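Student: Hi! Could you walk me through this structure before I head back to the bench?
Tutor: Happy to. Let's have it on screen, and then ask away.

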Amino acid sequence: MEKDKAILLIECPDAKGIIRAITDFLFENSGNIVYLEEHVDSLDQQFFMRIEWEIDQFQIEHGKIGEYFDTLIGRKFAMNWQLHFSNYTPRAAIFVSKLSHCLYDILYRYQSGEWKVEIPLIIGNHEKLKSIADQFGIPFHHFHMSRENKASQEIRQVQLLKEHHIDLVVLARYMQIVTGDFIRHFPYRIINIHHSFLPAFIGAKPYHAAHDRGVKIIGATAHYVTEELDAGPIISQDVAHVTHKDSVRDMVRRGKDVEKIVLSRAITKHLEHKVLTYKNRTVVFD
């Protein structure tokens with residue numbers, strides 16, 4: 001059986017001795033390192049690191065690892081750090097509207113066991129995709145949204161998410177702009193899939209606009225949601241090549257394929273704790 005592991009994500013000003021201090025701390029407490037990746041932003045002189053180690057023989061009890069690390073190392077190097085454990089199963093909520101391609105892809109990966117995650121509910125601002133939720137045995141909650149009731153409905157949504165102890169919100173082509181009040185409950189824990197290679201063609205019909213311009217690539221962007229619309233830190237992007245022979249229908253079909261792949265990559269990286277945000281950018285570890 002796979003051994004339980006602890007994962008540290010670290011961001012701090014670059015300085016000599018950081019890696020040695022961390023690895024010595026783990027070695028001295030019988031931690032077996034199984035993953036280590038670091039990056040230095042040379043412009044800002046900022047250090048980033050992800051380190052993972054087996055904790056079956058670790059000499060510090062799990063509940064006190066963070067306290068010991070911060071006292072001995074974190075404060076010394078002015079670190080921002082996160083500690084995660086592989087035996088914890090995160091809980092995700094999926095938000096949808098009327099388009100089903102991303103939802104089907106997520107639920108297939110979920111049902112096949114590709115991700116270590118629980119999906120206790122799906123939320124939709126339309127009822128069209130309820131049958132898909134029923135098919136996978138996941139409760140579906142409908143929230144009709146309008147300009148007049150948006151604030152009160154978001155309060156109800158947040159309450160529902162808190163009741164289900166949701167760690168991650170995935171906007172799987174959810175055609176609503178979430179407000180700052182909603183976002184503040186889940187900072188850097190809301191992933192959106194944008195139907196363009198940002199920055200690109202905006203609006204409700206990006207593929208039509210791209211087709212009218214005769215573009216040769218189309219793409220998709222998965223990013224964390226911030227209060228600035230479609231400008232949050234980008235986690236994953238990809239493109240598909242098109243030619244003058246492709247119709248709008250062809251481009252929509254290819255675009256949906258890219259959206260599914262890009263969103264799944266972003267979810268995977270987040271669930272594996274391989275993303276660090278910094279100055280509205282991301283460091284995404286392999």
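**A helix, a sheet and a pocket**

Tutor: This is a predicted model. A good place to begin is helix H3, residues 101-111, which is mostly covered: eight of its 11 residues are buried.

Student: Which residues in H3 are buried?
Tutor: The buried ones are His101, Cys102, Leu103, Asp105, Ile106, Leu107, Arg109 and Tyr110.

Student: And what covers the buried residues of H3?
Tutor: The cover includes strands E5 (91-96), E6 (118-124), E8 (168-171) and E9 (190-194). Helices H4 (130-135) and H8 also belong to it.

Student: How does H3 lie on those strands, say relative to E6?
Tutor: H3 lies across E5, E6, E8 and E9, and runs at about 165° to E6. Another helix, H5 (residues 150-163), packs on the sheet as well, where it touches E5, E6, E7 and E8. The direction of H5 makes about 170° with that of E6.

Student: What comes just after H3?
Tutor: Gly113 does, and it takes a positive phi of about 80°.

Student: OK, the sheet itself. What order do the strands have?
Tutor: The order is E7-E6-E5-E8-E9-E10-E11, in an open sheet of seven strands with mixed pairing.

Student: Why is one side of E7 and of E11 left without a neighbour in the sheet?
Tutor: Strand E7 (140-142) and strand E11 (234-241) stand at the edges and have a single partner strand each, so one side of each has no neighbour there. As for twist, neighbouring strands of this sheet are turned by 20° against each other on average, direction ignored.

Student: How many bridges are there between E10 and E11?
Tutor: Seven, with E10 (residues 217-224) and E11 paired in the antiparallel sense. Ala220, for instance, has Asp238 in E11 as its bridge partner.

Student: Switching topic: how much space lies in the largest pocket?
Tutor: About 790 Å³. The pocket is lined by 33 residues, and those nearest its centre are His84, His270, Leu271, Glu272 and His273.

Student: Which class of residue is in that lining, and how many of each?
Tutor: The lining has 14 nonpolar, eight polar and 11 charged residues.

Student: Which strand or helix gives the most to the lining?
Tutor: That is E4, with five residues. At least two residues each come from strand E1 (5-13), strand E3 (46-54), strand E4 (80-85), helix H8 (248-271) and strand E12 (275-278). You have met H8 already, since H8 is also among the elements that cover the buried residues of H3.

Definitions and conventions
Residues numbered from 1 in each chain as written. Predicted model: local features only at pLDDT ≥ 70, side-chain atom pairs only at ≥ 80, totals over all residues. Heavy atoms only, no water. 1 Å grid on protein atoms, 1.4 Å probe; cavity = no way out; pocket = protein on both sides within 12 Å on 5 of 7 lines; lining within 4 Å. Points joined across faces, edges and corners; volume = space filled by probe spheres on them. Helix = DSSP H or I, 4+ residues; strand = E, 2+ residues; numbered from the N terminus. Nonpolar A, V, L, I, M, F, W, Y, C, P; charged D, E, K, R; others polar. Buried < 20%, exposed > 50% of the residue type's maximum accessible area, 1.4 Å probe, protein only. Contact = heavy atoms within 4.5 Å. Pairing = 2+ DSSP bridges. Axes fitted to C-alpha atoms, helices over the stretch in contact; angles between N-to-C directions.
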